[in-house]
Amino acid sequence: MTSDHEMIRQRVKALLDKPGNGNCADCGAAGPEWASYTLGVFVCHSCSGLHRNIAQISKVKSLILDPWTPSELEFMDSVGNNAAKAIYEQLVPAFYYCPTFKDCTVLRDQWIRAKYERKEFLCVEKQEPYSAGYREGFLWKRGRDNGQYLSRKFILSEREGVLKYFNKHDAKEPKAIMKINTLNATFQPSKMGTAHGLQITYLKDNSTRNVFVYHEDGKEIVDWFNGIRAARLRYLQVAFPLALNSELLPKVTRNYLKEGYMEKTGPKHTEGFKKRWFTIDDRRLLYFKDPLDAYARGEVFIGSQENGYIVLPNLPSTIQGYHWPFGITIVTPDRKFLFACETEVEQKEWITAFLTVINRPMLPQEYAVEAYFKHKP
């Protein structure tokens with residue numbers, strides 16, 4: 001005779017087998033083991049913790065460890081992830097960043113709050129903070145030289161095509177003007193050491209400039225991020241009028257392909273290897289003395305294999321001297337760049353990242369960037 005406990009366990013399994021319920025309703029992680037029995041959605045362990053932050057709306061239980069009543073299971077069966085998505089995500093703007101399980105806590109937390117607590121995607125008026133094309137406010141910005149965070153006024157103007165900040169609250173002229181056409185933003189809580197840390201980059205004289213900012217309020221910093229994404233998408237739609245949104249959205253903002261420490265030597269390969277922080281941003285390999293430097297010490301353009309770019313899992317046999325044991329050589333049409341990794345795992349991860357770039361054909365506009373790097377003094 002089947003026990004009540006066993007019957008409930010089988011009922012839960014049958015619910016998870018229904019379309020849409022096999023992945024977390026909020027971040028897409030496979031195999032959710034928790035559920036909100038007030039919202040009727042199945043979620044992963046990580047997102048269940050974020051649902052607890054909105055306990056007045058969402059109450060969660062473990063599908064495995066907690067007892068379930070027949071009426072609760074009936075409610076879960078009547079809703080489920082697909083039906084909830086059709087309700088709570090019906091008006092998500094194209095530019096809005098929908099996080100995955102790989103994204104940082106503040107992005108996932110604010111996505112959950114936007115959906116269920118603030119119901120932003122049921123009413124376009126609630127999206128005004130990031131969709132209006134203009135945003136003004138104060139962010140804590142890291143000083144370029146001293147590393148101290150100070151309150152700075154920022155203005156995002158889609159009409160002007162810029163994001164700018166001011167060193168003094170009453171200043172008439174901005175300290176920096178960042179054009180939307182080269183702007184990028186990506187959350188970097190681990191690197192910056194603050195849960196709401198956002199790295200903004202733009203090109204200044206065709207060199208990458210980093211600006212590190214945060215705000216104590218999670219909604220505020222995520223609204224800035226999505227405001228930047230909205231402005232970027234509208235810029236791209238004007239710049240590439242025949243392109244589909246599906247083609248433009250990956251270019252709105254981008255996370256870095258890989259970051260971390262490697263050692264490098266100079267162009268003559270006779271200098272000692274020096275430890276540097278490296279970032280692969282699209283086709284630019286940038287290196288810094290410190291991960292939070294405003295400017296890179298150098299940038300390397302990485303083209304495609306069909307244009308003569310190759311990655312090798314070693315260093316030339318002529319290279320002597322002390323360096324980390326796991327080498328990488330990047331061969332370009334003009335010279336070789338030599339790097340060394342501390343571990344074999346890091347070496348393999350970097351090589352995979354380089355191959356991702358090298359195996360991708362170059363776009364027409366990337367030839368102009370390559371030409372700039374070749375003629376750079």
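**Reading sheets and spaces in a predicted model**

Me: Let me start small: over how many bridges do strand E5 (residues 149–157) and strand E6 (residues 162–166) pair, and in which sense?

Reply: The general idea is that strands of a sheet pair through backbone hydrogen bonds, either parallel or antiparallel. E5 and E6 take the antiparallel sense, with five bridges; one residue to look for is Leu 156, which stands opposite Leu 163 in E6. Two strands count as paired if DSSP finds at least two bridges between them. The element names come from DSSP runs numbered from the N terminus: helices (H or I) have at least four residues and strands (E) at least two.

Me: Before we go on, what kind of model is this?

Reply: It is a predicted one: local features need pLDDT of at least 70, side-chain atom pairs count only at pLDDT 80 or more, and totals for chains, interfaces and linings use all residues. Residues are numbered from 1 along each chain as its sequence is written, and side-chain values use heavy atoms, with hydrogens and water left out.

Me: In what order do the seven strands that include E5 and E6 form their sheet?

Reply: Follow E7-E6-E5-E4-E10-E9-E8; this is an open sheet with antiparallel pairing. Strand E7 (176–179) and strand E8 (184–187) are its edges, each pairing on one side only. On average, neighbouring strands here are turned by 35° against each other, direction ignored. As for helices, H8 lies across E4, E5, E6, E8, E9 and E10, and runs at about 120° to E4. Contact here means heavy atoms within 4.5 Å, and angles run from 0 to 180 degrees between N-to-C directions, with axes fitted to C-alpha atoms (for helices, over the stretch in contact).

Me: Which strands make up the open sheet that contains E14?

Reply: Seven of them, in the order E14-E13-E12-E11-E17-E16-E15, again with antiparallel pairing. E14 and strand E15 (310–312) are the edge strands, each with pairing on one side only. From one strand to the next, the twist averages 35°. Helix H10 (residues 344–358) packs on this sheet: H10 touches strand E11 (258–264), E12, E13, E15, strand E16 (326–331) and strand E17 (336–341), and its direction makes about 110° with that of E11. H11 lies across E13 and E14, at about 130° to E14. Those two strands are joined by four bridges, and Tyr 287 stands opposite Gly 298 in E14.

Me: Now the empty space. How many cavities of 30 Å³ or more does the structure hold?

Reply: Rolling a probe the size of a water molecule over the atoms shows where empty space is left. On a 1 Å grid over the protein atoms alone, a cavity is a set of points where a 1.4 Å probe fits but cannot get out; a pocket is an open set with protein on both sides within 12 Å along at least five of seven lines; lining residues have an atom within 4 Å of a point. Grid points are joined across faces, edges and corners, and volume is the space filled by probe spheres set on them. Three cavities reach that size here. The largest has a volume of about 50 Å³, and its lining includes Lys 191, Tyr 256, Glu 259 and Asp 281. Strands E9 (198–204), E10 (207–214), E12 (274–281) and E13 (284–288) each supply at least two lining residues.

Me: What is the volume of the second largest cavity?

Reply: About 40 Å³. Of its 13 lining residues, Tyr 130, Gly 133, Tyr 134, Leu 156 and Gly 227 are the closest to the centre. Helix H6 (128–131), strand E4 (134–142) and helix H8 (218–239) give two or more residues each, with the largest share, four residues, coming from H8.

Me: And the largest pocket: which residues lie nearest its centre?

Reply: They are Arg 232, Lys 251, Arg 254, Asp 282 and Glu 366, out of 32 that line the pocket. E9, H8, E12 and helix H11 (364–375) contribute two or more residues each, and H11 has the largest share, with four. The pocket's volume is about 1000 Å³. By class, its lining has 15 nonpolar, eight polar and nine charged residues. Ala, Val, Leu, Ile, Met, Phe, Trp, Tyr, Cys and Pro count as nonpolar, Asp, Glu, Lys and Arg as charged, and the others, Gly among them, as polar.

Me: What volume does the second largest pocket have?

Reply: About 450 Å³. Among its 21 lining residues, the closest to the centre are Glu 299, Val 300, Arg 335, Phe 337 and Phe 373. Strand E14 (298–301) and H11 are the elements giving two or more, and E14 has the largest share, four residues. The lining divides into nine nonpolar, four polar and eight charged residues.
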